[in-house]
Amino acid sequence: MSQLKEKAKIMSADDMRRALARLAHEILERNQGADNLMLVGIRRRGIPLAKRLAQAIQSIEGVQVPVGELDITLYRDDLSALGPNPIVHQTIIPKRVDDAIIVLVDDVVYTGRTVRAALDALFDLGRPRAVQLCVLIDRGHRELPIRPDFTGKNVPTSKKEVIEVHVEEIDGEDAVYIMEKVD
């Protein structure tokens with residue numbers, strides 16, 4: 001199995017804060033405010049990013065946007081690769097998704113398979129009016145026809161590189177790194 005070594009730090013905590021503030025403004029502009037909006041973070045790092053976006057939206061609009069947590073474990077197309085007993089976490093959606101404008105939030109979009117699984121999980125809960133995708137990093141290499149509506153930073157990568165997003169709530173720091181696979 002390959003190991004990873006740090007190649008470059010591409011976002012600092014301040015860079016992430018500024019990107020999330022910009023993304024909050026873009027979400028509000030596209031949706032003409034926060035009415036009927038719900039942010040849904042894809043487990044794991046999408047959840048703290050969704051909560052931060054909700055805080056930014058509240059500071060801009062004075063409106064508290066509901067934030068949900070989506071576990072896509074059972075919807076993954078590589079479920080068998082996770083082992084015989086994958087750990088499934090709770091999905092928490094604070095209000096009905098029917099007719100809501102859902103903004104799915106994730107840290108990195110790569111092949112698009114995570115987003116496909118998230119869409120399947122979300123539509124099992126109801127029929128939203130619209131679903132939009134917000135990611136901190138788009139690294140390219142899509143295998144499915146999925147494109148983010150809101151992107152913090154586009155980072156062209158090679159297939160030997162990995163993007164690691166660190167968030168304070170999980171990793172003890174806010175930063176984004178490009179890591180390189182070492183054989």
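**Exercise 1. Determine whether the radius of gyration of the chain agrees with that of a compact globule.**

Solution. The radius of gyration is taken over C-alpha atoms, and the globule rule is 2.2 Å times the number of residues to the power 0.38. For 183 residues the rule gives a value near 16 Å; the chain has 16 Å, so the two agree. Along its principal axes, the C-alpha trace spans about 50 × 40 × 30 Å.

The model is predicted: local features need pLDDT of at least 70, side-chain atom pairs count only at pLDDT 80 or more, and totals for chains, interfaces and linings use all residues. Residues are numbered from 1 along each chain as its sequence is written, and side-chain values use heavy atoms, with hydrogens and water left out.

**Exercise 2. State the order of helices and strands along the chain.**

Solution. Helices (H or I, at least four residues) and strands (E, at least two) are DSSP runs, numbered from the N terminus. The chain has 4 helices and 8 strands. Read along the sequence, their pattern is β-α-β-α-β-β-α-β-β-β-α-β.

**Exercise 3. Identify the elements that supply the largest nonpolar core.**

Solution. Such a core is a set of buried Ala, Val, Leu, Ile, Met, Phe, Trp, Tyr and Cys residues joined through side-chain atoms within 4.5 Å. Buried means under 20% relative accessible area, exposed over 50%, and partly exposed in between (1.4 Å probe, protein chains only). The largest core holds 33 residues, and those touching the most other members include Leu53, Ile137 and Val165. At least two residues each come from strand 1 (3–11), helix 1, strand 2, helix 2 (46–61), strand 4 (101–109), strand 5, strand 7 (161–166) and strand 8 (175–182). Helix 1 gives the most, with 7 residues. Another core, of 18 residues, lies apart from it and has Ile42 and Val97 among its members.

**Exercise 4. Locate the residues glutamine 32 and histidine 141, and state the exposure of each.**

Solution. Glutamine 32 lies in the loop between helix 1 (13–30) and strand 2 (37–42). Its phi is positive, about 50°, although it is not a glycine. Glutamine 32 is exposed, with a relative accessible area of 76%. Histidine 141 is in the loop between strand 5 (130–138) and strand 6 (150–154). Its phi, near 65°, is also positive in a residue other than glycine. Histidine 141 is partly exposed, at 26% relative accessible area.

**Exercise 5. Find the ring over which the charged end of arginine 139 sits.**

Solution. The criterion requires NZ of Lys or CZ of Arg within 6 Å of the ring centre and within 35 degrees of the ring normal. The charged end of arginine 139 sits over the ring of tyrosine 110, 3.9 Å from its centre.
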